[in-house]
Amino acid sequence: MEEKKFYITTPIFYANAELHLGHTYSLVLSDVLARYHRFVGDRTFFLTGSDEHGDKIVRAAQKENLGPQAFVNKNVEKAQELLKELGISNDMFIRTSDQEQHWPGATKLWYALERAGDVYKGTYKGLYCVGCEAFITEKELVEGKCPLHDAAPEQIEEENYFFKLSKYAPEIKRLLESGEFKITPRSKANEIISLIASSTAENELGDVSISRPERAIPWGIPVPNDPGQLMYVWCDALSNYLSAIGYGSSNETGFKSLWPADVQVLGKDILRFHALLWPAFLLSAKLPLPKELLVHGFVNSGGKKMSKSLGNVLMPRDFIAEYGRDALRYYLTREVSPVEDWDLTREKFKEVYNANLANGLGNLISRTLKMSEAYFGGVVEGDASRVPALRTKITAFENAGDVSGLNLPYLITNDILPRYHKHMSASEINKGADVVWELIGHLDQFVTDYEPFKLVKTDKDAAKDVIWGLLYGLREIGQMLTPIMPDTAARIAILVGASDIDGGKITFNSKAPVEPLFKRKE
Ligand code: ME8
């Protein structure tokens with residue numbers, strides 16, 4: 001069988017400030033997917049990195065009296081520490097200031113656009129929002145300000161290179177309509193399709209500027225053969241997805257075996273760059289488009305997009321310190337919809353933590369393992385066929401007249417696991433996690449149905465089969481949590497102590513945790 005590859009990217013983060021919980025969302029969503037694909041055996045490559053050029057960086061560096069390189073180095077170091085704290089399993093961290101890894105790829109892309117006859121010099125006159133690092137039209141302003149950054153744009157008149165974006169719009173529209181270029185959710189693809197359909201030469205679909213004069217931003221990649229011009233940050237930044245895997249290097253084997261990307265994760269604020277400019281660059285360079293853009297919503301705080309310029313940020317480190325990184329990863333995976341906006345509050349976080357981690361999962365783990373230790377010294381032999389049926393109704397199986405469906409191992413194999421994989425492989429990580437908690441619910445119900453703490457006094461063998469069923473369920477939960485809560489998954493595996501499966505047989509050599517995995521917060 002041909003080996004499956006999975007190349008996933010996050011946007012590269014502006015190295016102008018510390019990453020907050022909004023950025024953390026792009027990272028955790030991508031990490032869960034990368035870990036899932038590794039878990040099922042795909043040859044996975046997970047890329048993240050930092051966007052280090054442009055006006056925004058230069059200005060932020062000046063405020064701290066640092067040169068741009070020293071300034072970005074400091075922020076990148078902090079970002080990389082945070083990635084470790086969050087358990088982000090990226091295979092590479094690309095930096096756009098890396099002249100060896102990144103610049104050759106960005107330059108090669110530029111040459112490819114030129115070769116296609118898509119680049120010409122002209123004069124740009126209009127408005128520029130430094131927060132977006134983008135040209136902005138009058139129409140997009142709210143009370144004269146950029147609505148995302150609550151700041152007035154700057155008036156600019158300068159000589160730039162332009163790229164013939166409009167030339168590729170019909171092809172992008174066609175590929176979006178046919179689904180060959182997929183955007184999730186579909187509503188975002190429709191947004192771009194109608195934007196293209198209603199476009200006129202004056203709006204954003206006209207030709208776009210892809211360079212800035214060096215005197216305006218003295219920090220970026222030089223335009224080939226024109227030292228007075230630097231590449232526009234988005235042109236520089238988007239090429240990271242290619243340069244990181246070897247595009248433009250002397251040996252492009254890595255690039256050839258990984259491109260096109262399978263999933264590119266991004267927030268909805270940067271949809272147009274990724275759904276118009278990016279595919280247009282790729283079409284112009286005659287490269288395949290990414291298979292899917294996964295566009296997530298905003299993490300809001302106090303009803304507005306969490307952002308440093310609005311001053312409403314919450315920091316991931318505070319949550320990790322108080323609850324542990326798996327609790328944060330759990331929240332970002334299960335408690336929010338990947339495609340909608342949601343508001344994060346400390347109160348809601350605590351409530352969910354207590355209900356689903358301290359109670360739900362934590363409670364199930366400690367009661368099962370305590371019973372196993374107290375009644376059987378932790379050693380529980382058994383097999384799937386001896387586990388009694390759940391007494392609760394599971395409608396789907398009952399409707400199909402399938403009573404074997406009520407046997408826990410059967411239920412897990414035939415219902416829980418297929419649904420978990422269906423959702424996870426479709427990037428629906430919140431729904432995948434819901435399935436895990438559904439199983440936690442079945443196991444809780446199983447305890448209620450059989451009361452092993454009473455049963456052990458009247459029929460020890462029957463109690464053993466019940467505890468075996470619970471340990472089997474926990475083992476499966478641990479496996480399903482591997483991409484979502486890697487530390488917890490590893491702890492469950494150790495605590496449960498399952499032998500290899502031999503037919504339906506497993507011997508558990510379990511031990512009860514000394515401390516609860518998730519301490520309740522008052
Ligand atoms: O846009 N909620 O970088 P960035 C959800 N350098 N997601 C958020 C968020 C929030 N409150 N705040 C930020 C850039 N993000 C460019 C990308 S890619 C070639 C260049 C997300 O640091 C945002 O949507 O501003 C994006 O996906 C990521 O964090 C990086 O944002």
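Here are some friendly notes on this predicted model, point by point.

1. Let's begin with the ligand. There are 25 residues around it, and those that come nearest are I12, D51, D269, V299 and M306. By type, the shell divides into 13 nonpolar, 9 polar and 3 charged residues.

2. Nitrogen atoms of the ligand take part in some pairs you may like to look up on screen. An N or O atom in the side chain of D51 is 2.7 Å from a ligand nitrogen. With M306, the partner is a backbone N or O atom, 2.8 Å from a nitrogen of the ligand. G22 also offers a backbone N or O atom, in this case 3.3 Å from a ligand nitrogen. How much of the ligand's accessible area does the protein cover? On its own the ligand has 660 Å² of accessible area, and the protein covers 96% of that.

3. Which elements give two or more residues to the shell around the ligand? They are strand 2 (13-14), helix 1 (21-39), helix 7 (233-238), helix 8 (240-243) and strand 13 (263-267).

4. Now to S307. This residue sits in the loop between strand 16 (304-305) and helix 11 (316-323). Is S307 buried or exposed? S307 counts as buried because its relative accessibility is 7%, and the cut-off for buried is under 20%. Setting aside residues up to four places away in sequence, S307 touches H20, N312 and V313.

5. The cysteines deserve a careful look. How many disulfides does the model have? The count comes to 0. The cut-off for a disulfide is a pair of cysteine sulfur atoms within 2.5 Å. For C129, the closest cysteine sulfur belongs to C132 and is 3.8 Å away, so the two are too far apart for a bond. C146 is in no disulfide either, as the nearest cysteine sulfur, that of C129, is 3.9 Å away. As for burial, C129 counts as buried because its relative accessibility is 3%. C146 counts as buried too, with a relative accessibility of 3%.

6. C146 comes up again in the surroundings of L141. L141 has its place in the loop between strand 6 (134-136) and strand 7 (154-163). Its relative accessible area is 16%, so L141 is buried. Leaving out neighbours within four places in sequence, L141 is in contact with L127, I136, C146 and P153. If you want a ruler check, L141 and P222 are 81 residues apart in sequence and 31 Å apart in space, from C-alpha to C-alpha.

7. E143 belongs to that loop as well, between strand 6 and strand 7. Is E143 buried or exposed? E143 is exposed because its relative accessible area is 79%. The backbone of E143 is worth a glance: phi is positive, about 50 degrees, although the residue is not a glycine.

8. N65 is another non-glycine residue with a positive phi, here near 55 degrees. Where is N65? The residue is in the loop between helix 2 (55-63) and helix 3 (68-86). With a relative accessible area of 73%, N65 is exposed. As background, most residues other than glycine have a negative phi, and most peptide bonds are trans.

9. That brings us to the cis peptide bonds. The bond from T184 to P185 is cis, with omega near 0 degrees. P185 is in the loop between strand 8 (182-184) and helix 6 (186-197). The bond from W259 to P260 is also cis, and its omega is near 5 degrees. You will find P260 in the loop between helix 9 (253-258) and strand 13, and strand 13 is one of the elements that give two or more residues to the ligand shell.

10. Finally, helix 19. Which residues of helix 19 (residues 486-496) are buried? They are P486, T488, A489, I492, L495 and V496. An α-helix has 3.6 residues a turn, so residues three or four places apart point the same way. The buried residues of helix 19 pack against helix 1, helix 12 (325-334), helix 13 (346-376), helix 18 (460-480) and strand 19 (505-509). Just after helix 19 comes G497, with a positive phi near 55 degrees.

Note on methods:
Residues are numbered from 1 along each chain as its sequence is written. This is a predicted model: local features need pLDDT of at least 70, side-chain atom pairs count only at pLDDT 80 or more; totals for chains, interfaces and linings use all residues. Side-chain values use heavy atoms; hydrogens and water are left out. Buried means under 20% relative accessible area, exposed over 50%, partly exposed in between (1.4 Å probe, protein chains only). A residue is near a molecule or strand if one of its heavy atoms lies within 4 Å of it. A polar contact is a pair of N or O atoms within 3.5 Å; within protein, one must be able to donate a hydrogen and the other to accept it, and residues adjacent in sequence count only if both atoms are side-chain atoms. Accessible areas come from the Shrake-Rupley method with a 1.4 Å probe; for residues, only the protein chains shown count as cover. Helices (H or I, at least four residues) and strands (E, at least two) are DSSP runs, numbered from the N terminus. Ala, Val, Leu, Ile, Met, Phe, Trp, Tyr, Cys and Pro count as nonpolar, Asp, Glu, Lys and Arg as charged, and the others, Gly among them, as polar. Contact means heavy atoms within 4.5 Å.
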